[in-house]
Amino acid sequence: MIRWILVVILALGIAGTAFWGYQEHQDKNEILIQAENTYQRAFHELNYHMDMLHDEIGTVLAMNSDKRLSPQMVEIWRLTSEASSNVGQLPLGLLPFNKTEELLSNIGDFTYRTAVRNLDDKPLTDEEMQTLEKLYTQSGDIKDELRQVQHIAMDNNLRWMDVQLAIANEDEQTDNSIIDGLKTVEKSVEGFSETNVNNSLIGGGASLEDHRYELILTSDDVSEQQALKISQKLFNTTDEKGITITESGDGANIPLYSTSYHNDKKNAYMDLTKQGGHPITLLVDRPVNDKKISLNEGSKKAKKYVDDLEFQSMELFQSSEYGNIGAYSFLFNQDGVRVYSDAIELKVALDNGEILGLTAKNYLMNHKERKIETPAISETEAREYVNPNVDIQEHFLAIIDNDFGEEVLTHEFLGVLGNETYRIFINAMDGVEEKVEKLGGTEVNYQSRL
Amino acid sequence: MKNKTVSLLFIMGCLLVIGFGSIYQPNTSKAFSPQVIQQGAVGDDVIELQARLQYLGFYNGKIDGVFGWGTYWGLRNFQYEFGLEIDGLAGQTTKDKLVKASKYDEAFVKEQIAQGRKFTHYGGVEKEKQAAPTTTPKKETGANKTAPTTNVTSVNVPQGFSQNDIQLMANAVYGEARGEPYEGQVAVAAVILNRVESASFPNTVAGVIFEPRAFTAVADGQIWLTPNERAREAVIDAINGWDPSANALYYFNPDTATSGWIWSRPQIKQIGKHIFCK
């Protein structure tokens, strides 16, 4: 009897221990994942901040007015502090990472000094511009190497926890690409200059208070039946029964119908506004075969589609090829002035020219009747406000949202400085340098460098 | 009267010449394919365009097969110098002019690209001087993906994003919504971007994704599954402006959601298994 009781107690004890052990194991795993996530976040943010830093310094090089220079310096200074804090969070204690930190502190010191000084009285000297150019090149090199490491790390699913272990047991030689990669970051390697700019112009600030969907507010509601008809046309199908329709809930900014359609060849999805029945998002999902038509032919299909939908006087602004898909963006053009906030994007399959997607959110949100005044400053006068080192190539008149979210009429200049292209906006009324943007859009394919 | 005959003859002569010209055109530029090449294009035609522009000294960038800004300005300056219409498009006339004015050593260029060397293609410079010696021999690790079938060495990325940012977002989207319809994946990517924009969330993509307790796929490690091409495409669409979530900041799966709080958010719509809300 007693023996049986003992057996039961022992069995319970063992089961309990096993359970407890398992729980501990789970907890440990969870904490490991948490710690890993913190490291990952710091590392990816470091990459992002270095990218931004490089671009913001590049932007300073193309700036002319001191009024914009001070806030820009403050921005760079902020970014250096963010980036150093990211470096500080990484488990790099035993790795020599001095050079990156040194560069960050150099940039930080330089921008702090210039930001607090009155640039009207004491503008940047030639020497300081040279320093800035040097910092620009160096930050570019380091950024590129970091991006390469990031690519390797993601491609091979490397973990920072492993790095930490590898650093801790130094006698154990393991293949650790992150460590190797970070060591090469420290070697100054000749870099490439590609680019990235954070705030995109299109869509402006998109703060909902300023953009009130004026276009559709006055329109009448369309019924579900009508919405189905429109969907049927845009999905390019005769099968009205196959389309499902739902209405948006309370959280939506404007009431929407969402429709979707499936057949064996494709899935299609669309949002359209209840008022006026305007398509706002269209997505067609199907496998795209090999490229048969050029980006240029695709742009003609896209243009025709936009015209057919009765979006008037839209002009092609940008085009890009992603795999076998062409992505296009169109801007509204009013009497030769392009309006950045009224943008429409389209996706075209380059195998047969079918439209794979449309988004008119920015257009519907921002479009309204505008009275455009005549510029008080001529193009020639506006050129005087642009940094003389920038070689101006193209000129447009454009309406953009400035830093305060107001729409302003500007002279837009596209120019080249060094190997980079910049977009510079000069206010057409008072000559203020409203925005300077470094243009990118292409990047070295890291995969091809492995 | 006589004058008229002469001018008529002249016009006919011109027409004849033009006629012959157009008949012979395909021969002179059979190097390029017939497409009109415009900014944003990718591929062998762009490599040839860049190489030919560089031969004439209009393009100083890398010959990488992506029609970016450098190529655009090079082409426009070429059109300006040669008295063509300056539109930044490589159409038939421009291509013919270019082929006539420059040489293109396709074998040399493609070989350099395949070897991964740095090289240039300027006219009047010996080839030996244009190619840098290979510094790092290509690593032949087993992990290497299938050999690249393309000569293009760069990629288009949306303004303001790196391939790595896209990759990271694709990881998150795949981990969170791999079983969802395509529009549901775009919507999840759009929520990440809406959060970056929003004042109450971190200001970077990495910050939003790795914010503690924000995404279940991050908390349980599913984010490290390898994403498929579809998830990447969804991310690029979201970056390019598509937002099927209609400005949502949150989403949840009603079958598995454990927090009562999430039900109190104003809902926008449901896509697949996810309810999107503000």
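Two strands pair if DSSP finds at least two bridges between them. By that rule β2(B) and β4(B) pair: 3 bridges join them, and the two strands run antiparallel. The model described here is predicted. This briefing covers the sheet of chain B, the nonpolar core, the contact between chains A and B, and the domains of chain A.

**Chain B overall**

- Chain B holds 11 helices and 4 strands.
- Its length is 278 residues, of which 44% count as buried.
- Take the contacts in chain B with a separation of 6 or more: residues 24 or more positions apart account for 57% of them.

**The sheet of chain B**

- An open sheet of 3 strands has the order β2-β4-β3 in chain B, with antiparallel pairing.
- Its edge strands are β2 (250–252) and β3 (267–271) of chain B, each pairing on one side only.
- From one strand to the next, the twist averages 25°.
- Strand β4(B) spans residues 274–277 and is joined to β2(B) by 3 bridges.
- Within that pairing, Tyr250(B) stands opposite Cys277(B).
- Phe252(B) has Ile275(B) as its bridge partner in β4(B).
- On the β3(B) side, 4 bridges lead to β4(B), again in the antiparallel sense.
- There, Ile271(B) has His274(B) of β4(B) as its bridge partner.
- A hairpin links β3(B) and β4(B), with 2 residues between the strands.
- Gly272(B) sits in the turn of this hairpin and has a positive phi of about 60°.

**Cover on β4(B) and the helix across the sheet**

- β4(B) is covered on both faces.
- His274(B) and Phe276(B) are buried on one side of β4(B). Ile275(B) and Cys277(B) are buried on the other.
- Helix α8 (residues 182–197) of chain B lies across β2, β3 and β4 of that chain.
- This helix runs at about 140° to β3(B).

**The largest nonpolar core**

- The largest nonpolar core has 152 residues.
- The members that touch the most others are Met169(B), Val173(B), Ala189(B), Ile209(B) and Val235(B).
- Helix α1 of chain A (residues 2–61) gives the most to this core, with 9 residues.
- Which residues does Met169(B) contact, leaving aside neighbours within four places in sequence? They are Ala189(B), Ile192(B), Val205(B) and Val235(B).

**Where chains A and B meet**

- Between the chains, 63 residues of chain A are in contact with 62 residues of chain B.
- α1(A) gives the most to the chain A side of this contact, with 9 residues.
- By class, the chain A side has 16 nonpolar, 36 polar and 11 charged residues.
- Strands also pair across the chains: β13 (residues 442–444) of chain A and β1 (residues 154–156) of chain B do so over 3 bridges.
- That pairing is antiparallel.
- Glu443(A) has Val155(B) as its bridge partner in β1(B).

**Domains of chain A**

- Chain A is divided into domain 1 (21–186), domain 2 (214–366) and domain 3 (379–439).
- The centres of domain 1 and domain 2 of chain A, taken over C-alpha atoms, are separated by 40 Å.

Notes: Residues are numbered from 1 along each chain as its sequence is written. Chains are lettered from A and ligands numbered from 1 in the order in which they are written. This is a predicted model: local features need pLDDT of at least 70, side-chain atom pairs count only at pLDDT 80 or more; totals for chains, interfaces and linings use all residues. A nonpolar core is a set of buried Ala, Val, Leu, Ile, Met, Phe, Trp, Tyr and Cys residues joined through C-beta atoms within 7 Å. A residue is buried if 20 or more other C-beta atoms lie within 10 Å of its own, exposed if 12 or fewer, and partly exposed in between; C-beta atoms are placed from the backbone. Two residues are in contact if their C-beta atoms, placed from the backbone, lie within 7 Å. Ala, Val, Leu, Ile, Met, Phe, Trp, Tyr, Cys and Pro count as nonpolar, Asp, Glu, Lys and Arg as charged, and the others, Gly among them, as polar. Axes are lines fitted to C-alpha atoms, for helices over the stretch in contact, and angles run from 0 to 180 degrees between N-to-C directions. Domain bounds come from an automatic or database domain assignment.
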